Structures are given as structure tokens and as C-alpha cells.
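Q: Please give a close account of one part of this protein, namely a sheet and the way its strands are put together. A short view of its surroundings would also be welcome.

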Amino acid sequence: MTILTQSCTPFDGQKPGTSGLRKKTRVFMQPGYLECFVQSIFNGIDGVEGKALVIGGDGRFFNAEAIQTILRMAAANGAALAIVGQGGLLSTPAASHLIRLRGADGGLILSASHNPGGVDEDFGLKYNIANGGPAPETITDAIFAQTQTIHSYRTLDTGDIDLDRIGVTPLGDMVVEVVDPVTDYAALMEDLFDFNALRALFASGFTMTFDAMHAVTGPYARMILEDSLGAPAGTVMNGVPLVDFGKGHPDPNPIWAKPLVDLVMSDDGPDFAAASDGDGDRNMILGRGVYVTPSDSLAVLAANAHLAPGYARGIAGVARSMPTSGACDRVAEAYGVECFETPTGWKFFGNLLDAGRVTLCGEESAGTGSDHVREKDGLWAVLLWLNILAVRKLSVKDILQDHWQTYGRNYYSRHDYEAVDSAAAHALMAELTAKLGDLAGQSFGACAVTSADSFTYHDPVDGSVSHNQGLRINFDGGGRAVLRLSGTGTEGATLRVYLERYEAPGGDLNIETQAALHDIAVATAQISGLTERTGRSSPDVMT
Ligand code: G6P
Ligand code: ZN
């Protein structure tokens with residue numbers, strides 16, 4: 001086996017976004033494209049000589065082939081050990097856990113998360129650091145800098161290795177260890193949650209449907225929910241991972257998981273339903289007749305986490321991304337713990353979690369997690385909800401009503417304008433940024449602006465500063481609109497408009513969400529000129 005040094009020229013646009021590098025699959029499949037990026041990762045982290053890496057992905061098209069390439073390159077670059085999920089599969093939270101459990105130096109996770117998979121769809125690759133979390137901006141910037149000057153990469157002159165067989169295989173001077181992707185993760189869940197109480201819940205006839213959306217969580221959910229907790233066979237739907245996710249869009253929201261939502265909204269639907277995304281880090285929570293927004297879910301979990309053994313001592317604090325609703329802030333206030341507002345992107349929670357400042361964190365983009373790993377974790381959120389339901393013996397709907405009656409309700413919705421012309425979207429943001437300073441005191445329809453700014457984050461742990469993290473417009477009475485451009489799209493620009501309005505306990509807590517937010521939506525459209533700029537009269541997706 002010889003080490004080959006292949007010359008290459010830089011590819012444009014290999015800039016890691018909110019969550020690694022995401023491109024069309026065919027872009028990644030161009031000769032040398034993946035190799036240039038992987039070598040740039042290795043170069044950007046001062047090499048991988050003697051290091052241990054965790055490698056796995058969500059099983060989408062090109063996952064297995066890309067892993068073989070990465071393994072050859074890791075071996076040629078002197079890595080000591082590669083821990084790989086069987087069949088090349090590892091959910092993102094399971095990869096984060098494995099990095100921590102095995103004391104690995106980092107990991108490469110192959111996923112485009114909730115984006116569709118297939119030769120004409122999306123692919124992605126990101127690097128996680130030794131704490132198990134996504135690489136911070138200093139590292140992704142260093143990787144990007146490498147992509148712009150790279151002139152060669154190293155690989156091995158050898159064939160593929162068998163990723164389906166659990167065990168250890170040498171590859172050059174590196175050891176490849178193929179592990180069961182589920183076992184260690186399932187053991188962690190059993191440490192955190194009262195599995196006996198959950199078994200009793202299912203034994204009592206409690207019904208649940210989990211939609212794995214033909215993505216990576218299928219094997220995890222079947223082993224934990226059906227095999228270990230005794231939920232009836234069939235509790236997990238779409239449980240077999242497919243390279244194209246069954247041609248679906250593995251994004252757990254009311255649009256893309258509509259069959260599940262229809263099921264749980266019907267009178268004979270299950271007591272509880274949930275879904276996860278392509279790589280298993282997102283979640284959607286539903287109860288019979290009710291959809292729980294991710295922002296509300298974070299708040300409910302923060303208020304009730306102490307009911308699960310892993311959090312019995314209470315939570316140290318909570319963090320949410322800036323566009324996420326302020327529902328969890330009220331819980332933190334009631335419990336007298338800190339609440340942090342970070343930019344969008346899970347990587348911003350890493351320092352707070354490492355420093356023990358927060359126990360739970362979450363984002364409006366269907367992500368919730370805790371200090372058990374350094375990624376958001378879909379199944380973890382589902383199990384924490386189940387643990388709470390088992391202890392409180394209330395329906396999801398009643399838990400939500402009780403929560404609003406205690407803390408008030410943050411009506412919330414995100415409106416997405418997808419595949420907008422990139423120049424038009426940037427012009428809209430630039431124009432709005434320029435006029436932010438003049439908005440306070442002006443009224444738009446029924447809404448008066450109290451303040452407006454562009455969000456800058458000062459990391460309280462390492463002092464780093466992140467500018468331009470979204471435009472905020474606050475309205476009289478606690479309403480708010482946030483506008484930002486997506487950092488994960490692969491086509492044109494996606495404009496996200498986040499709308500929020502607070503209703504105190506005792507107020508009207510059961511208005512239809514879009515109706516509750518109508519005035520704020522109209523004011524926001526007027527302020528931003530979004531109809532003229534985007535050419536769209538309504539959003540493509542409302543979550
Ligand atoms: C990924 C990240 C999340 C982030 C989301 C935002 O899922 O892991 O932390 O909230 O992207 O995506 P956006 O498209 O809004 O930039
Ligand atoms: Zn994901």
C-alpha cells in the first residue's frame with residue numbers, strides 16, 4: 001500500500017456554512033472535490049497524525065463512497081484510529097457521543113441534515129472537535145483558508161474496506177474500527193431516562209408513532225422504543241434508512257411530515273407522535289390534536305427536566321438561538337437560572353455547555369439538546385418528553401395548556417421564502433439594515449416599533465464576538481420580528497422571517513397561531529418590502 005500525493009487546484013465556494021459544507025451531491029462527486037475539502041479539514045486542524053477520528057453519516061446517497069475516500073486519506077495523513085459506524089451510519093448525536101466516549105480528537109460527519117438525498121439532491125460534510133460539537137468559527141475559517149490555497153492531497157493506493165462487518169481492520173498504518181452505531185448511544189439514553197417508567201407507560205397502553213422518515217434514526221428508534229421499551233412493533237414508521245430517504249424530504253416539520261401530523265390530529269390517533277430528520281439531530285413533537293412548536297418544546301423541557309433521573313438536580317441554565325421564541329426565558333426566570341441568547345447554529349452552545357453554564361439548549365429550527373452531547377439530539381428530546389409524560393400522567397395537550405397558564409404563551413411562527421434570487425435577498429437585508437436605526441417610534445398598521453437592531457453576540461465564555469447574526473424588530477407589547485438569511489440552503493437564498501407575540505397567563509391563550517401573528521406579519525412585510533423584493537405574496541413554508 002503506497003501513500004499517493006495527488007496534485008489538485010482549489011475549488012471555489014468550499015466555505016463551511018451554519019453546519020459544515022453543503023452542496024449538491026454531484027458537486028461533491030466531481031473528481032477531487034471531496035478530497036480537496038477533506039485535506040483542507042486535515043490541514044486546517046494542524047494535521048491528523050496520530051489522531052483518532054470518528055467517521056459516519058446519515059446514509060444518504062454517496063455516504064458510503066465518501067467514507068471510503070475519507071478513510072484512505074486519513075490513513076495517508078497518518079491518523080492512528082478511525083471509529084466508523086457499521087454500514088457508514090452514525091446519527092449526528094451518536095457521533096458526538098462517540099467522540100466524547102472514546103476520547104477521539106474529532107470527527108467527520110457526512111450529512112446534509114434535513115435536505116433531501118440522492119444524486120440530484122444534497123450532500124454535506126462537517127468537522128466536529130474533541131468536545132463532540134461542531135467546529136467553532138476559528139476552525140471553520142482556517143479550513144476555508146486551506147481550501148483556497150490547497151495544491152495537493154494525500155491518499156492511499158488501496159481498495160475499499162468492508163464497513164458492514166463489526167470489528168477491527170488495518171488500513172495502511174491506521175486501524176479502522178467498525179462499531180454498532182446504536183449500542184453506545186442507547187446506553188447513554190438509559191443513563192439519562194427512567195426506562196422502567198417508560199416500559200410501564202407503554203405496558204399501560206400508551207400509544208406512540210415515531211416517523212424516522214427513512215433516515216438514520218430508524219435503527220436507533222426501533223432498538224430503543226420497540227426492543228428496549230416494549231412499544232409495539234410498528235411504533236416506528238419509515239424505519240429503514242434509504243439513500244434517497246424514500247424520495248422524501250427528511251425534515252420533521254408539519255409540512256414535510258404531514259402524514260404523521262394528519263395521523264395525530266385524528267380522533268383515533270396515537271397519544272404521542274414525533275419525528276426526526278436525516279441525521280437524527282432534529283425533532284418534532286406532537287400529541288393527540290396538538291403540535292408543539294420547537295420553542296415551546298424547549299420551554300416545557302426546561303420546566304420539567306428535573307422529572308428525569310439525568311436532570312434530577314435541576315438545570316444550570318438554558319440557552320436558545322436568537323430567533324427562537326422567548327418562552328424558555330420565562331422558565332429560566334421562574335427557576336432563577338441563567339438564560340442565554342446565541343446566534344443561530346448549534347456550535348454557539350458549545351462553550352456554554354463546556355463551561356457548565358447551561359444544561360439545556362434549543363433552537364426554533366427543531367433542535368433541542370443538553371449537555372449529554374454537543375449536538376442537538378432528536379431521540380433524546382423524544383425520550384425526555386416520554387419521561388415527563390410518564391411522570392406527570394397528563395396528555396401533551398394538557399401539559400402545554402398548563403405551561404401557558406403558568407408562564408404565558410409566546411405565539412410563534414417562522415415564514416420561509418425559499419430559493420429567492422440571491423441578489424434580491426441580500427438587497428432586502430442591506431436596505432433593512434440601513435433603516436433599522438430610524439424604526440423606533442414608527443407605527444406600521446397596528447404595530448408600533450420600540451427598538452430594532454442587528455444582533456451581535458458576545459460569547460460570555462471566550463469573549464469572541466459574532467456580528468450580523470440577524471435583524472431584530474421589537475414591537476410594543478412584546479411582539480417581535482426577526483429576519484435572517486439561511487446559512488444551510490444550497491439554491492439561491494432562503495429568507496427566514498420569525499414572528500412572535502407574547503400573551504400573558506390569563507390572556508387569550510388559544511388563538512390560531514397565524515391569526516395571532518397576522519398584524520406583526522403585515523407590519524414586517526411593510527417594513528422590509530418583502531413582497532416587492534422577493535416577488536412572493538406568501539411564504540413557501542410556515543412552521
Ligand atoms: C442547522 C444547524 C442548526 C441551525 C440551523 C439553521 O440545522 O445545525 O443549529 O439552527 O441549521 O439553519 P438556517 O438554514 O436557518 O441557517
Ligand atoms: Zn439535522
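A: Two strands count as paired if DSSP finds at least two bridges between them. Strands (E, at least two residues) and helices (H or I, at least four) are DSSP runs, numbered from the N terminus. The model is predicted: local features need pLDDT of at least 70, side-chain atom pairs count only at pLDDT 80 or more, and totals for chains, interfaces and linings use all residues. Residues are numbered from 1 along each chain as its sequence is written, while chains are lettered from A and ligands numbered from 1 in the order in which they are written.

The sheet chosen here is an open one of 7 strands, and its order runs E2-E6-E5-E3-E4-E9-E8. Its pairing is mixed. At the edges stand strand E2 (21–24) and strand E8 (167–171); each has a single partner strand, so one side of each lacks a neighbour in the sheet. On average, neighbouring strands of this sheet are turned by 20° against each other, direction ignored (axes are lines fitted to C-alpha atoms, for helices over the stretch in contact, and angles run from 0 to 180 degrees between N-to-C directions).

One pairing within this order may be followed in detail. Strand E3, residues 52–57, and strand E5, residues 106–110, run in the parallel sense and share 5 bridges. Gly57 has its bridge partner in E5, where that partner is Leu110.

A second open sheet invites a parallel description. It consists of 4 strands in the order E16-E15-E17-E18, and its pairing is likewise mixed. Its edge strands are E16 (338–342) and E18 (367–370), each of which pairs on one side only. The twist from one strand to the next averages 15°. Strand E15 (residues 317–321) is joined to E16 in the parallel sense by 5 bridges. Ala319 is bridged to Phe340 of E16.

As for the surroundings, the domain assignment divides the protein into domain 1 (3–181), domain 2 (185–407) and domain 3 (409–542); such bounds come from an automatic or database assignment. Between the C-alpha centres of domain 1 and domain 2 the distance is 28 Å. Their contact involves 28 residues from domain 1 and 31 residues from domain 2 (C-beta atoms, placed from the backbone, within 7 Å). Helix H4 (residues 92–101) supplies the largest share of the side of domain 1 that touches domain 2, namely 6 residues.

Two stretches of the chain complete the view. Residues 14–153 are 39% helix and 24% strand, with the end C-alpha atoms 15 Å apart. Residues 185–286 are 36% helix and 15% strand, and there the end C-alpha atoms lie 24 Å apart.

Definitions and conventions
Contact = placed C-beta atoms within 7 Å.
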